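Got the viewer open? Let's walk through this one selection at a time.

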Amino acid sequence: MASETTTVVSLRGVDVPLVRRGSGPPVLVLHGGEGPVDHLPFAEGISGGYELLHPTHPGFDGTPIPEHFDNLQDLIFLYLDLIDSLDLQDAIMLGFSMGGWLATELAVMSTGRFSKLVLVDSVGIKPGGPFDRDIADVFASSAEELVKAAWHDRSLAPSVADMTDAELQKVASNRIAHGLYTWEPYMHNPKLKYRLHRIDIPTLLIWGENDGIVTPEYGAALRDLIPDATLTVIPEAGHHPHIEQPDQFAGRFLEFAAS
Amino acid sequence: MRAWFFTEDAYPYLPDEDSYESIRVNLPNKHFDPATGADLYSMYLDMWCAADEMGLNIMNNEHHQTATCMVPAAPIMLGILARETKNARLLILGNPVSNRSQPVRVAEEMALIDVLSRGRLECGFVRGVPYEIAPANVFPYRGAEKLWEAHDLITKAWTTHDGPFNFEGRWFHARQVNIWPRPYQQPHPPVWVTMGSAGSAAQVAQRGHIGAVFLAGYPRIRGIFDGYRKAYLETHGTDMPIDRLAYCALICVGNTEQEGLDGAEKLLWYMSSNKVPPQYSNPPGYHSPEIAATMMRGSNSGTGLPTSTNLAEQMARGNVFAGTPDQVYEQIKSFYEYCGGFGNLMMMSQAGFMTFDETLASMKLFAEEVYPRLKELTANYDAGQMQELRASLPDVENVNVSSLASEFVR
């Protein structure tokens with residue numbers, strides 16, 4: 001297993017836990033609404049040739065929500081500071097779902113410190129009209145509906161019954177932070193599609209073929225708005241292809257990263 | 001004691017409960033028949049008018065996207081009642097200001113009702129129940145802070161009479177606030193705020209407003225009311241006047257014990273019909289992570305939501321007062337002494353399929369047989385004596401209602 005260190009980056013009073021894993025060119029990993037992904041097998045699969053930097057967004061994994069935080073804007077500006085603080089150079093930015101939206105927002109501001117962008121089942125835009133539900137309403141869905149929408153192999157979905165009280169409270173806290181960052185406009189920034197032309201680095205979109213939260217068609221719409229972007233779809237995977245198909249996921253990531 | 005007649009204006013004619021997921025948020029409105037709805041609105045308005053004629057005060061509220069409450073805009077009903085009633089105080093409990101985007105509009109509506117009624121409005125502000133989040137589309141995190149920001153803007157709008165002022169807060173912005181009309185009552189209508197813990201009670205007490213509690217029962221009422229009294233004393237330097245606290249229970253008075261209990265069983269529709277799935281009762285940011293986690297396990301404990309719809313249990317918990325006038329009086333008195341006294345009794349005396357005649361019969365018995373004794377009870381309120389009495393009664397989860405009844409039935 002690759003070496004792992006955990007530090008805390010303090011940014012003007014906001015403490016961001018940061019897990020570093022592996023060695024090589026840096027990959028900034030931005031997790032989604034389910035929380036940190038540093039412990040997952042896919043991370044092991046790509047940490048051989050890269051140093052993965054896993055910050056935890058404030059509010060996730062038991063960390064406090066800063067008093068002045070209201071929405072994703074606050075996270076975007078926190079990460080502008082984090083990226084400067086880490087002095088990243090030629091890094092790959094890898095974002096999952098909400099973290100993909102965050103990565104996209106950061107990329108339209110500046111790609112100066114990044115060489116490539118990877119978005120996994122990402123949210124952030126609204127391709128359809130007002131009456132279209134482009135992104136499943138995860139906060140108004142039953143647990144069963146959510147599992148159905150998010151997983152190809154439903155047996156892999158986390159089960160409340162298997163969690164300790166402490167783990168479940170962490171899930172509940174993550175859900176609050178997820179809501180804070182994505183509530184309205186729901187999971188997207190209406191302005192983002194007018195800014196995506198600014199992304200001037202190669203971009204790979206990785207999508208689970210059976211994602212019912214944001215479908216591959218949504219991924220294609222996002223791809224079409226980013227200048228140098230390709231979409232690769234992983235079969236037998238839902239919203240979390242990195243969990244359902246970790247080897248395929250790692251393979252496609254590594255191929256793109258090395259290209 | 002001031003008593004407030006309350007019905008939540010249910011639309012009870014629903015299909016088989018197994019055929020729908022939730023009575024709130026997503027129950028299709030094809031199940032609402034407009035002609036039946038018109039009859040029900042008429043009946044509910046008649047009930048409130050009857051309350052006025054009986055010398056009771058009136059309380060109403062609003063909910064959204066639900067058959068449990070057909071009124072999504074309480075100010076509209078109050079506007080009618082301002083005109084149709086003569087004496088009753090008109091309580092709205094309340095305006096869900098955490099979920100509304102325009103507090104100035106609320107200030108205007110309330111001022112209008114106050115003037116229409118010539119100063120009979122009592123204006124409540126509530127955070128709202130969790131099932132209101134989806135209809136409002138508002139993220140509930142920091143909802144209490146948002147409520148108080150709206151409150152500050154509204155009270156300033158009511159009390160500013162020399163031209164526009166500016167408000168640029170965290171949630172609400174209005175740069176030229178100058179409402180017409182201004183309220184009839186000066187400096188403004190009495191303000192009520194709901195509370196569910198010692199912490200939320202302290203915030204109401206510090207501002208000197210009326211703190212209202214719904215169905216906390218014996219298990220939770222002392223924590224909340226004690227919190228209010230303590231914060232009031234600390235802030236204002238005097239004991240809280242008894243009219244600062246309010247309690248809401250389901251109440252049915254019968255000519256016989258059985259008649260009262262039968263009516264109370266009908267009132268329990270309010271609890272038993274409340275079929276709501278977790279995604280609506282546990283939206284992110286409404287509950288603390290600790291409570292949200294217990295709800296994810298499928299438990300309602302700690303949420304303040306009723307866990308049983310058994311009448312005997314709900315009576316023992318102090319959520320339902322029912323029986324003969326004597327019994328109802330003694331049940332209320334027992335609860336009143338246990339919690340250290342309150343000056344407002346909000347009485348949900350109609351719910352579900354309870355008919356107009358059944359409701360009026362219960363209200364009349366209450367107004368004639370119970371209410372005068374409750375008024376006498378609070379007229380003799382002495383803060384020191386009451387606290388001694390309260391201290392002499394040990395903490396309980398439930399009371400033995402039958403012992404109360406047998407001891408005092410004449």
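Keep in mind that you're looking at a predicted model. Start in chain A and pick out the open sheet: 8 strands with mixed pairing, in the order 1-2-4-3-5-6-7-8. Its edges are strand 1 (4-11) and strand 8 (229-234) of chain A, each of which pairs on one side only. Look along the sheet and follow the twist, which averages 20° from one strand to the next.

Now zoom in on strand 6 (residues 114-120) and strand 7 (residues 203-208) of chain A. These two run parallel and are joined by 4 bridges. For one concrete pair, select A:Val118: its bridge partner in strand 7 of chain A is A:Leu204.

Next, bring up helix 6 (residues 216-225) of chain A. This helix packs on the sheet, where it touches strand 7 and strand 8 of chain A, and its direction makes about 165° with that of strand 8. Then add helix 8 (residues 246-258) of chain A, which lies across strand 5 (91-96), strand 6, strand 7 and strand 8 of that chain. Helix 8 runs at about 155° to strand 6 of chain A.

Time to switch to chain B and zoom out. Colour by secondary structure and you should find 16 helices and 11 strands. Along the principal axes, the C-alpha atoms of chain B fill a box of roughly 60 × 55 × 45 Å. How does the radius of gyration of chain B fit a compact globule? It agrees: a compact globule of 410 residues would come out near 22 Å, and chain B has 21 Å.

Last, try colouring chain B by burial: 49% of its 410 residues count as buried. If you draw the chain B contacts between residues at least 6 apart in sequence, 77% of them join residues at least 24 apart.

Conventions
Residues numbered from 1 in each chain as written. Chains lettered and ligands numbered in written order. Predicted model: local features only at pLDDT ≥ 70, side-chain atom pairs only at ≥ 80, totals over all residues. Rg over C-alpha atoms; globule rule 2.2 N^0.38 Å. Buried ≥ 20, exposed ≤ 12 C-beta atoms within 10 Å, placed from the backbone. Contact = placed C-beta atoms within 7 Å. Pairing = 2+ DSSP bridges. Axes fitted to C-alpha atoms, helices over the stretch in contact; angles between N-to-C directions.
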